[in-house]
Every structure is written in structure tokens, then in C-alpha cells.
Amino acid sequence: MAPLPPPQLHPIPFCPKPTATPSSRRKLRLNSEIPTDSELMELLHIELAGEERIAAHEFFMTLAACNTVIPILTHSSSSCAILDEVHDTVGTIEYQGESPDEQALVAAASAYGYTLCERTSGHIVIDVNDEKLRLDVLGLHEFDSVRKRMSVVIRFPSGAVKVLVKGADTTMFSILRKDHKSYHDIQNATLNHLNEYSSEGLRTLVVAARDLTGEELEEWQLMYEDASTSLTDRSAKLRQTASLIECNLTLLGASAIEDKLQEGVPEAIESLRQAGMKVWVLTGDKQETAISIGMSCKLLTSDMQRIIINGTSENECKRLLFDAKVKFGVNPASCNQISTCQSDAENGHHEVPASMKSSNFPEPHAGEEGVSNGPLALIIDGNSLVYILEKDLETELFDLATSCRVVICCRVAPLQKAGIVDLIKSRTDDMTLAIGDGANDVSMIQMADVGVGICGQEGRQAVMASDFAMGQFRFLKRLLLVHGHWNYQRVGYLVLYNFYRNAVFVFMLFWYILYAAFSTTSALTDWSSVFYSLIYTSIPTLVVGILDKDLSHKTLLKYPKLYAAGYRQESYNMKLFWITMIDTVWQSLVVFYVPVFVYDQSDIDIWSMGSLWTIAVVILVNMHLAMDVQRWLIFTHMAIWGSIIITYGCLVVLDLIPVFPNYNTIFQLAKSPTYWLSILLIIVLALLPRFIVKVINQSFRPSDIQIAREAEILKKNHSYIMSKPDHDTS
């Protein structure tokens, strides 16, 4: 967090400065050094009670008192001054709180000499320029998404009672007193500074306060006690109680905090967009801050046409949406047109005319005349979403938003974030992913199909409500592009393979039933039927499903567009399913009829045929799997070839049991070369069509995945050849 800029000041009633002459005094210092403004520091140390000095004093008192931060003191050293008998204890102080913004504000106040050094449920102690000031906390109204501010009621040692408030400018300016002679000048100056801070990407707050009379305090205490102990509608009653004192406030100033982007955020967002994903930003920051952050993370670009929707009524929002759709030629998007619409927006099929690419061209707003065909960016505030999401304007917003490459929603409440996610889920078949790091993101994370929580200084509420947790935003790139691709490829293939390996066994039995004229005779023992799925073919399925990788993580990260194989459904679709089923029928026919024809004129019994069918189908499904394995590891070899060995071992054990009808059959079959030639013929005939189709597809119609895989193999072989001479010479 960056240090606070100098606040905008406003005169308020004087609060007496505490005086004390202790014989033992503790000096506190922060762990980190925060640069201060020398002019403001001089102003705070002026002895005269001027208006600016009082305003600055009250501003930093509010920053130090209006929060839920817990100070933690540690001793570092101590010294003793014998002459004046004053003992100084030097210690360090750390702050822990729910929000890093609050910690930054309290630390900034401490840097200017207003150090919060103690907090209990009933009072706080603030070290004001090395002199302790004990303040009684009469009540605290915590920040909520409706009020967008927090306040604390403080009783000073002099007996004066004040309410100290800080919050978003959108809600604070409406509750300020307007009867002061310099109100408009101070408000305009503060607004200018807020806009300046927001354009730099800083997160802003407005600070205000006022005195409470005895009657106001008594009325508030009665309502506060009743609301705090209420078992029903407690939040609503507390908001109503807060509104009683959060009015006619005196503006003290504004603060701005730099919330730096984490490492790798712009690169991660760009990779996700190249992968075909649409990135929407839902934030509680000011519009200017949101735009600045969008530029810094490369989500917004200078050539984009910005559609800004800032409506204050339902009719105005409707007009702005309609004007934007007409201006940019946005047509209503049906469910089967969404993918095309998103693809066009992602690929930037709209081009900005050359006359509009000048840096001096004014920023376009919805409703301006003229039509432009450039990449579109929709920027909408929370106040407009109130009318859009609760009225019959969702369709208009959806049509416009899906036509834009970028959507930024600013000053939105947590429920509005969830509403935006639900808007996409209810109108498309697309998968939604929400990522956040704070408690205000919980509803959005829970509403999305996939929720990702970031472990950070904002607390663990988002992590506890998410499906996946990570330390930084940049890890989302690897989660989706690498692990997401691997998981889709594995699951898609295993779904088809499990259908295949079970269907080929069932179809083989079905052909036997037809051949036996639906008689009650059986060719396989019950143990062979049970062990087929339990032992013979289960282990290779698990190993390949866990360890197989079609591409390395380096290739997937280098070429994000390979992720498109997922939403193109290349690994699993109905076409592949029916092709697999046709191949399954063919293989089952080969497995059954090849032994029938080979042993047609022999005197082999039905149980010997059953043993042959069992081992043939197990070898076949494992060879089928081996043809599709992309990455051969020692575990893969052990699973596939070991499965065949285990099958033979089980057949030998079962054939050694005299009570079973297939007693000693495997030993008689293994002596005949016909038995081994039959198995070889089954494998070749069954897999030959599949092999031919794979060769044709990979030679004449290779997919992006196959091309990237061949490039990996060529690069690996080239690196091996280049390093071999060096190895030989060494």
C-alpha cells in the first residue's frame, strides 16, 4: 500500500489536545517507514488552534479511530535517562485487520503522529505525538455493501461526543452538511482530488465527522441497543440506527490508497483472452479507478471504443442502452448466436475509423451520434445496475455486453456481482468462472460454475467459499491453460474409453448368446465377468487417467489458443461417441468370431473358448489404450503390460480349482500355436481400422494439438542431436 496523499481539509470545532507528564513513557514506531508530507507535518505541530490545524488533527484522529484494526505491541529496547528521571521504552507496533486498506490508513495516521496503540471492546488509546489519549467507544457501525461506509461514536476525555465516518464518495457527499459558508468550495476541491486519485488507479475514501448533542446521543443509544440485540432484521435495524447519526456531517478530507497489481496479472489476462475467454471486471472501486486498473492490466486498450452507462433512473438507463445498441449496431443475441457474437468481439471484427484514433478524440459515451466499428468496451456503474437488474432491462444489457470485448462494472455491491454472473448463466450455456479475494466476492464465487478464491490480506472468506484456492491471480493462467486442458483431455478420453471397454465385453457376450440360440449355456465363469472390470482393466484406466499428458506445460502456456480444443469439444462429442461405438461393435465381432472360425473343425470345449475370449478381450482393450497413450512412463508400462500378466495369473489360478468347469483349460490351450496365432490375429484385425483412421487424420487432417505435439517431438529430437556430439567429446 502506498502512503496517503495530503488530505483535503475543512475546519471543525476544536478538540483539546491532551496533556500529560509521565515519569515513564513508551515510544512506538512502525515496522516499516512511511514517507510523510513535510508541509502537512508542520501544520500538525503548530501550537495555535487554527482551522487548518484542527481539521488535520480531526482527519487523522478519524483515520486512527474509525476502524476495526487490532494493534500488536512488541518491545525492542529500553533506555533510562538518569538526569530527568524519565524512562523511555522503545517498541514496535504492528496492525492486524480484516482489510489491508484499513491497516494502510491506520499506519499512515501513525506516520503523522496519531498511533493507535490499544483497542478493547469499550475504549481505544491513541498516542498523539507521544501523549496517550483514551477514547471511549460508545458504538461501531461496521461497513456494509448498502451504506458503503462505516462510523464510530467516540467520547473524548473532555466529555464531547463525536461520530467519525469514512466511506465511498458516492454515499458520503449526500450526507454532508450544506449550510457551511465554504461547503461548495471544499466539496469541489475534494471532488477534483478524488478524480485525480482515481485516474491514477488509487482507491479513495471520504472522511467526515460531526458532534452529537445529548438528545441525539440518548436517542441513538436506545435504538443502537435495541438493534444490536434484535433477533430479526438486525442488519436493517442497524442501518436505520446508523442513518440517525450519519447525517449533516462536516467534510474533513479524502484519502487514496494504491492497490498495486500482483505480479503477472496483465500477462495472465492476455493469455486468458487469447485462449478465447471473455474477461469481465466486477469491482467496488470508482469508475475512474476501475478504468485506470483496466488500462494497467492491459484489459483496456487505447483503440477501444468505450460505452459508458451512468444512469440515475430507469428511463435514463433504458435510453443509454438503446442509444448504444443503435450507435454500434448491436443486434439482439439469441442463445444460438452467443458463441458467434463473443467470437466476433474477441477477434476484434469491429474496426475504429482512422479519424477516431486520434488521442485528442473525446471519449465516446452512449448516445453520441455516429456509428463506429471498433473493439468495444462497456463500462457501467452499480447505480445503473440497480435499475437494469431489477427491471426489464436485463436483455438490453446482455445484448450489449456480449457484443463487447471488455466489460467493467464499477461501484457494484456483492449481490450485484452475483446478479451479473447469474445473467450470463441463465442466458447462455457457457461456463462461468469467478475469482476474488474478499468477503464481498463470496456471493459471486458461489453463483459461478467454478469459484476461485485468492489467499491474501483480505481474509479467507473467499477461499472458504471457493472450489479452488490459490496464492496469486497469475496462477489462474496455469490452472486453466495447463491443468484445465489436461483434465478435459483425460476426462473426455476416459469417458469414451470406459464406454468402449465395457461395451466391447458386453457385445462379445451378446454375440455368444445369438450364436447359442439364446440358450442358458455360459462360456465364461462368473469370476471372469467380475474380475474383468475389477482387476483386469481397471488399473490401466486409473493410471492413464491420472498421468497421461498430451502436451507439456511449457507448450500449453506458450500457446494459449490450444485451450480452444476444450470448448470446441475435440476430446468428447456425440460424433466421437458414435464412431467409438461403431468401432466397439467391430472389435467385439472380431473377438468373438475369429476363434469361432479358427476352431470351427476342432473338438475344443466351450470353456476353453471362454478362456480364449477372456484373455483376447483383455489384451485388446489394453492395446487399444496403448495406441492412445500420449506420455509413456514407467507406471504406464507397469499398468498396461502388468494388467495382461495379472489376467493370465488369475486365469491360471482359476483353472487350478477342480470344482470350476474350466479346470485345466488354459494349460491345454497354451500348448497349441493356434491359440497364440488366434490372439495375434484378433488384435491385428480389431485395431487395423482404428490404426488406419488415426494415420489418415494425423497425416492429412491434423488438429492443433497434434501439430503442437509433433513440434514438441521434433524440438526434443533436435535438442538431443545437438547435445549428442558434446556428450561424445566429453
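**Notebook: rings, charges and cysteines**

I started with Trp641, which is partly exposed at a relative accessible area of 34%. The cut-offs I used for that call were under 20% for buried and over 50% for exposed. I then looked up Trp632, and Trp632 is also partly exposed, with a relative accessible area of 35%. I note here that I am working from a predicted model. I come back to both tryptophans below.

**Entry: aromatic pairs**

How many aromatic pairs does a search of the whole structure find? My search gave 21 aromatic pairs. One of them joins Tyr493 and Tyr497, with ring centres 6.0 Å apart and planes at 15 degrees, so I logged the pair as stacked. The cut-off behind that word is planes under 30 degrees apart.

I checked where the two tyrosines sit. Both belong to helix α17, which covers residues 475-515. They are 4 residues apart there, which puts about one helical turn between them. Are these two rings buried or exposed? Tyr493 is buried, at a relative accessible area of 18%. Tyr497 is buried too, at 2%.

I went back to the tryptophans next. Trp632 and Trp641 form a stacked aromatic pair, 6.2 Å from centre to centre and with 5 degrees between the planes. I set the burial values beside this: Tyr497 is buried, whereas Trp632 is partly exposed and so is Trp641.

I also asked which residues the ring pairs link into a cluster. The list reads Tyr512, Tyr515, Phe592, Tyr593, Phe597 and Trp613.

One charge went into this entry. Arg427 lies over the face of Phe398, and I noted 5.9 Å from the ring centre.

**Entry: helix α22**

I looked at helix α22, residues 574-598. It has 25 residues. From first C-alpha to last it reaches 36 Å, close to the 36 Å expected at 1.5 Å a residue.

Which residue caps the N-terminal end of α22? I found Asn573 there. A side-chain oxygen of Asn573 lies 3.1 Å from the backbone nitrogen of Lys575.

**Entry: salt bridges**

I counted 22 salt bridges in the structure. I opened several of them in turn.

Arg134 and Asp136 meet through their side chains, at 3.9 Å from N to O. The cut-off is 4 Å, so this pair counts as a salt bridge. Arg134 is partly exposed at 48% relative accessibility. Asp136 is partly exposed at 27%.

Lys286 and Asp169 came next, with their closest N and O atoms 2.7 Å apart. Which parts of the chain does this pair link? Lys286 is in the loop between β11 (280-282) and α9 (287-296), while Asp169 is in helix α4 (residues 169-172). These are distant parts of the chain, 117 residues apart. I checked burial for both partners. Lys286 is buried at 9% relative accessibility. Asp169 is buried at 7%.

I then took Lys425 and Asp449, whose side chains form a salt bridge at 3.8 Å, N to O. Lys425 sits in helix α14 (residues 414-427), and Asp449 in the loop between α15 (442-447) and β16 (450-454), so the bridge ties together parts 24 residues apart in sequence. I noted 29% relative accessibility for Lys425, partly exposed. Asp449 is partly exposed as well, at 33%.

I closed this entry with a network of salt bridges. It links Asp144, Arg147, Arg149 and Glu246.

**Entry: cysteines**

How many disulfides does the structure hold? I found 0. Cys410, for one, is in no disulfide, and the nearest cysteine sulfur, that of Cys409, is 7.6 Å away. The cut-off for a disulfide is 2.5 Å, so that sulfur does not qualify.

I looked up burial for several cysteines. Cys410 is buried at a relative accessible area of 0%. Cys317 is buried, also at 0%. Cys247 is partly exposed, at 24%.

Where is Cys247 found? I located it in the loop between α7 (234-245) and β10 (250-258). I also noted its distance to Arg177. The two are 70 residues apart in sequence, but 7.4 Å apart in space, C-alpha to C-alpha.

How values were computed: Residues numbered from 1 in each chain as written. Predicted model: local features only at pLDDT ≥ 70, side-chain atom pairs only at ≥ 80, totals over all residues. Heavy atoms only, no water. Expected span 1.5 Å × (residues − 1). Polar contact = N/O pair within 3.5 Å; in protein donor to acceptor, adjacent residues only side chain to side chain. Phe/Tyr/Trp six-rings, centres within 6.5 Å; stacked < 30°, edge-to-face > 60°. Buried < 20%, exposed > 50% of the residue type's maximum accessible area, 1.4 Å probe, protein only. Lys NZ or Arg CZ within 6 Å of the ring centre and 35° of its normal.
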